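Q: Please take a close look at where empty space is left in this model, starting with the second largest pocket. What lines it, and what packs around that lining?

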Amino acid sequence: MIANSPIRHAVLLCRISDEKQEDGYSLDAQEKYGKDYCVKHGWIIERTFRFIETASKVGERDKFQELIRYIPTLHSKHKAQIVLVVEKLDRLTREYTSLERIWELIRAGKLVIHFYKDNKIIDANCSPAEIFNIDIQTAVAKYQALNTAREVTKGMREKAEQGWYPGRAPLGYKNVRKGGDDKHGRQKASIIVDPDECNVRLARRIFELRATENLSYRDIAGQIRGEGIVPPAKLKTFTKSTVEKILTNPFYSGRYDWQGEWFNGKHELIIPQEHLDVVYGRKKGAFSRRPRGLLSSFLTCASCGCQILYDPKMKVVKSTGETKKYDYYHCSDGRQVHREAGERQVNVAEVHLLNELAQPVRDISITEELAAELSKALRKTHEKTVAAHRRTIEGYKL
């Protein structure tokens, strides 16, 4: 049914569920046929929405919500009914919540929809039978989406049971398809050691620093950045959380969790077993913990903002022949600011840093009123801690 008034302003919607959509439903194909349809009718395309987004989940449709907000704005601007050009119904929605929002715009006379592939027009004059038919199509599309999701989940579980992690491979590994075809005619998916040796070396170095020196996640990130072994493409995202994610991923030990169940993987291990044993707590480290000084984890570099590391030096006193330890600190240069500037590492003695801190500390003055308030706050905090401890103890007695 054609709208009562001529429509001159159009919005083109092109949507696919994922990047693996068949060519016939690609964004380019939808845009081409949609533009041809608008040209045929002499409409002005005000905007084209192209995006990859599921049509079956209400809470995950950000681009669709943007489209719904744009229609009333465009209607107010032109004081005319807007035409939405879509390939077919399931390109628009597969669930009722979104469909109801569309019906609100149609009933308000702000929108009319043309499904060019189905040769169907939806406007405020649709009969109850046509509306019922659309509801049925939406129900069928929703069923298909749910059934597809279920089949995908079953396939991924089957893959997990066969020993192949059904997700993205972590650092040092790569997802590939090789060997014979599966039941869908595609090569079987598996995970291999990353051919890029830089990524493998980076993963091994992270575990090595944790196992041999017991560094914190932050210190490991700073140390590795300073060593210059992080690929340029990963520098911006290589942070403390990146290190933590890698070290707490059981995949490196040959096991993985999929939907609450543990499976043994068939992938090759790239981390030495002695490092895995230490990191995952199966035995104590054979190496000593990284030394910590009085100011460890306390200072950051004024030039680049990186952490200042404690790095003691052992030197022989020529006059006496004895070996003496000297406490030094230097910038970790995790962001490689000093390295790129051609600056050499600067070691600063602990005594010098303490002298620099002494004067600001001496300048601090506390009035009797402030001291009383601090004492009161500390006492209150202590009482809460003691009470919480007692509750914990009582809980264990039950």
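A: Here is a walk from the pocket, through a helix beside it, to the enclosed spaces.

This is a predicted model, where local features need pLDDT of at least 70 and side-chain atom pairs count only at pLDDT 80 or more, while totals for chains, interfaces and linings use all residues. Residues are numbered from 1 along each chain as its sequence is written, and side-chain values use heavy atoms, leaving out hydrogens and water.

First, the setting. The chain has 398 residues, and 35% of them are buried (under 20% relative accessible area with a 1.4 Å probe, protein chains only). Its secondary structure comes to 12 helices and 14 strands, taken as DSSP runs numbered from the N terminus (H or I, at least four residues, for helices; E, at least two, for strands). Among contacts (heavy atoms within 4.5 Å) between residues at least 6 apart in sequence, 59% join residues at least 24 apart.

Now to the pocket. On a 1 Å grid over the protein atoms alone, a pocket is an open set of points with protein on both sides within 12 Å along at least five of seven lines, whereas a cavity is a set where a 1.4 Å probe fits but cannot get out; lining residues have an atom within 4 Å of a point. The second largest pocket holds about 650 Å³ of space, a volume being what probe spheres set on the points fill, with points joined across faces, edges and corners. Its lining has 24 residues, and R168, A169, P170, L171 and K245 lie nearest the centre. Two or more lining residues come from each of β6 (173–181), α6 (197–213), α8 (240–247) and β8 (255–258). By class, the lining of this pocket has 12 nonpolar, six polar and six charged residues (Ala, Val, Leu, Ile, Met, Phe, Trp, Tyr, Cys and Pro are nonpolar; Asp, Glu, Lys and Arg charged; the others, Gly among them, polar).

Helix α8 deserves a second glance, since K245 is one of the residues nearest the pocket centre. V243, I246 and L247 are buried in α8. Seen down the helix axis, the buried residues of α8 fall within an arc of 90 degrees, so they line one face of the helix; the arc is that of the directions from the axis to the C-beta atoms. These buried residues pack against α6, α7 (217–227) and α9 (273–279).

Next door in that packing is H275, which sits in α9. H275 counts as buried because its relative accessibility is 13%. Leaving aside residues up to four places away in sequence, H275 touches F207, E208, A211 and T212.

The enclosed spaces make a nice contrast. There are two cavities of 30 Å³ or more. The largest cavity holds about 50 Å³, and L89, L92, L99, I102, W103, I106, I113, F115, I122 and I134 line it. Its lining draws two or more residues from each of α3 (89–92), α4 (96–107) and β4 (111–115), with α4 giving the largest share, four residues. This lining has 10 nonpolar residues, no polar and no charged.

The second largest cavity holds about 30 Å³ and is lined by F64, L67, I68, I71, L84, L92, I102, L105 and L111. Helices α2 (62–78) and α4 each supply at least two of its lining residues, and the largest share, four residues, is from α2. The lining of this cavity comprises nine nonpolar residues, with no polar and no charged ones.

Notes
Buried < 20%, exposed > 50% of the residue type's maximum accessible area, 1.4 Å probe, protein only.
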